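Subject: Structure handover

Dear colleague,

I am passing on the structure below, together with an account of what was found in it. Please keep it open while you read, since the notes follow it element by element.

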Amino acid sequence: MASTTQRRIYALVGVAALALTAAACKGGDGTTNDNLSKPECAAFKDYSGIAGKKVTIYASIRDTEEDLLKQSWKDFENCTGVKIDYEGSGEFETQVKVRVDGGRAPDIAFVPQPGVVEYFAKGGKLKPLGDKAKTTATQNYSADWLKYATVDGKVYGAPLGSNVKSFVWYSPKMFKDNNWKIPTSWDELITLSNTIAAGGKLKPWCAGIESGVATGWPATDWTEDILLRDQGPQVYDQWVAHTVPFNDPKIISAVDRAGSILKNPAYVNAGIGDVKSIATTAFQEGGLPILAGKCALHRQASFYANQFPKGTKVAEDGDVFAFYFPAIDAAKGKPVLGGGEFVVGFADRPEVQAVQAYLASAHHANTRAKLGNWVSANKGVDLANVANPIDKKSVQILQDSSSVFRFDGSDLMPAAVGSGTFWKEMTAWITGKDTKAALDAIEASWPK
Amino acid sequence: MSTVPVPVAEPATAVGRVRKRLTSRTASAISLVIALIWTVPTLGLFISSFRPEADIKTNGWWNFFTDPKVTLDNYQDVLFGTSGSSGRLATYFINSLVITIPSVLFPVAFCALAAYALAWTKFKGRDWIYVAIFALQIVPIQMALVPLLQFFNIFALEDEGSFVQIWFAHTCFAIPLGVFLLHNFMSELPGDIIEAARVDGASHARIFRQVVLPLIVPALASFAIFQFLWVWNDLLVALVFVPGADSTPLTVRLAELAGTRGNDWQRLTSGAFVSIIIPLIVFLSLQRYFVRGLLAGSVKG
């Protein structure tokens with residue numbers, strides 16, 4: 001017995017040695033020359049002198065979107081000779097803090113929460129944008145956007161991708177068959193909901209807010225979107241900054257308005273169950289009843305397009321599409337709720353600043369847009385480069401000068417509320433908790 | 001003095017009575033039912049992994065029995081895809097092996113040596129060292145992550161160095177429990193054998209190699225299985241200590257498989273089965289040691 005065991009151990013050691021050798025053979029390569037003199041590289045001639053350098057990027061974007069992103073800066077890499085080492089992780093939000101604390105910060109991170117940008121900037125970990133990146137950013141992005149990455153007067157990052165959350169998904173075919181018109185005001189939206197409910201065939205709205213540890217976020221988006229319409233952007237900003245408390249009558253009024261749809265048994269939860277089933281339905285599946293013809297309306301961000309099964313045509317004349325979640329008082333402009341990620345640097349070496357500058361440029365935004373499945377708030381994006389109808393619609397809304405853009409509020413609040421009690425209490429609210437009691441509980445949890 | 005007659009068939013000790021009841025026919029039937037119920041979710045996952053994406057996403061696995069549609073697409077996708085948007089688990093499988101094997105061999109070797117020294121060599125403060133090592137077991141692993149990362153920064157390890165980091169980290173975290181288990185097992189060995197070897201003129205090195213090692217194989221094996229399963233299934237340590245997307249183990253990749261917004265979760269079914277193959281092989285081939293070794297060192301505390 002001992003000898004077989006010994007043999008086994010030897011075998012294991014052998015495998016380990018082989019594995020080690022394999023690991024050690026993974027040599028590094030590096031082109032040290034740029035190709036800027038070549039004609040196809042004319043667009044990159046401003047980014048010279050960074051050949052052979054390496055820039056590490058850490059972000060939460062992965063999978064298909066990661067592939068497209070890498071493709072979008074491939075020309076930049078080939079022409080300038082810089083190497084971009086990208087790592088996408090689902091654990092980005094927690095791991096980036098561990099890595100920064102452990103002294104292993106990436107050169108660049110794409111941070112989707114302005115609150116986190118502020119946290120790192122105040123802790124002295126972030127480097128402000130270099131001159132070139134800053135000029136490019138101010139040229140291409142509105143002040144509405146840049147203010148979310150500005151801390152104590154210094155700009156730390158430019159947005160990369162964006163998404164528009166103020167969308168209601170519907171089935172163009174279902175609308176056509178029933179002669180329903182796309183509502184352009186809040187009153188029309190409610191009238192349409194009543195018509196559908198009265199028809200008796202189906203309930204108008206479907207929703208799902210289950211999302212693992214983040215359960216509740218779609219309900220917070222609902223609240224924010226409606227608050228922006230019910231009370232206007234000023235109150236929204238004050239609410240985010242906590243100068244208007246969470247249980248203020250204004251906020252209660254907005255949440256109750258959201259409840260007039262989400263907690264109305266005559267309206268929800270189409271094709272899934274009763275009101276409470278909203279809390280247990282995965283957000284990925286909340287809008288799928290539209291495709292099955294069992295639900296008419298589903299409020300969710302532009303990125304929900306990816307949740308429909310492959311082969312679904314997402315277009316104005318297709319299987320599903322989305323219309324703008326209408327304003328309550330159109331005279332006050334079009335409120336738009338959205339999100340996006342900011343390109344912030346933990347290092348300020350020339351090659352890092354060059355990559356930041358490039359990512360803020362219209363050239364990159366257009367290159368990425370051409371690859372599809374992307375929305376950017378970059379003013380330089382040419383609509384002709386955005387092929388996908390829902391992305392095109394999002395870009396149009398973002399570029400529309402009458403749009404009043406506000407960032408997703410839960411990403412701006414302290415984490416204890418924004419990714420804690422706000423989610424939890426809204427989930428409890430769906431399952432029956434009274435509006436005032438839920439908001440009181442969130443208010444009590446706000447860090448003093 | 002009690003005059004109540006004790007039935008002959010009833011064993012005298014409490015343990016004996018429990019044992020008797022547990023070996024009855026009803027108890028066997030109940031445990032069989034429990035085992036079946038426990039296996040159902042795994043069975044469901046297994047069946048799901050062969051169903052087409054649209055089926056997985058729209059209805060439960062039990063519909064397989066009424067509407068059997070079988071596809072290998074999920075496995076094809078997670079194992080052999082080449083883009084970042086597919087699984088590429090075949091690549092990460094190798095990474096997992098490269099991480100796991102040394103992370104098992106190092107602690108087993110260190111702990112066996114340390115346990116021998118603490119059990120059979122006599123020096124001052126021996127017991128205190130043993131208590132101190134075991135006390136480290138109480139320190140939660142999460143508290144050590146950031147300091148350890150800062151410690152590694154001194155050496156500025158890059159790329160391939162990341163494997164050294166994770167071996168080191170796993171070895172550190174395994175030592176307290178390993179020393180405890182092996183020490184208790186080793187100190188149970190009859191002192192006469194060691195004495196006899198010493199009388200015959202054997203050195204400590206020789207006693208360890210030729211007398212002690214063959215005797216503690218069950219304990220070594222059970223500790224190695226524990227450590228193997230822990231390292232193979234570990235996500236946290238790998239996330240922190242393996243920077244760079246190309247050298248991460250299977251678990252990290254598995255956590256990313258569902259896509260940025262969780263829209264590709266049908267891959268998780270096949271991904272899960274790919275990742276449990278090796279632990280299953282290890283467990284099944286070494287389970288006789290496992291059962292024997294489970295009690296290793298547990299009697300004496």
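On the other side of helix 4 of chain B from its buried residues, Asp73(B) and Phe80(B) are exposed, where exposed means over 50% relative accessible area, buried means under 20%, and partly exposed is what falls in between, with a 1.4 Å probe and protein chains only. The buried residues of this helix, which covers residues 73-80 of chain B, are Asn74(B), Tyr75(B) and Val78(B). Viewed down the axis of helix 4 of chain B, these buried residues fall within an arc of 90°, so they line one face of the helix; the arc is that of the directions from the helix axis to the C-beta atoms.

Before going further, please note that this is a predicted model, in which local features need pLDDT of at least 70 and side-chain atom pairs count only at pLDDT 80 or more, while totals for chains, interfaces and linings use all residues. Residues are numbered from 1 along each chain as its sequence is written, chains are lettered from A and ligands numbered from 1 in the order in which they are written, and side-chain values use heavy atoms, with hydrogens and water left out.

Turning to chain A, there are 18 helices and 11 strands, these being DSSP runs numbered from the N terminus (helices H or I, at least four residues; strands E, at least two). The radius of gyration of chain A is 24 Å, close to the 22 Å that the globule rule gives for 448 residues, so the chain is as compact as a globular protein of that length; the radius is taken over C-alpha atoms, and the rule is 2.2 Å times the number of residues to the power 0.38. Of the 448 residues of chain A, 56% count as buried. Among contacts in chain A with a separation of 6 or more, 74% are between residues 24 or more positions apart, contact meaning heavy atoms within 4.5 Å.

Two residues of chain A may help you find your way. Asn140(A) lies in helix 6, residues 131-140, and counts as buried at 8% relative accessibility. Leaving aside neighbours within four places in sequence, Asn140(A) is in contact with residues including Ala360(A), Ser361(A) and Lys379(A).

Trp169(A), in strand 7 (residues 167-170) of chain A, counts as buried at 0% relative accessibility. From C-alpha to C-alpha, Trp169(A) and Pro128(A) are 39 Å apart in space, and they are 41 residues apart in sequence.

With best wishes
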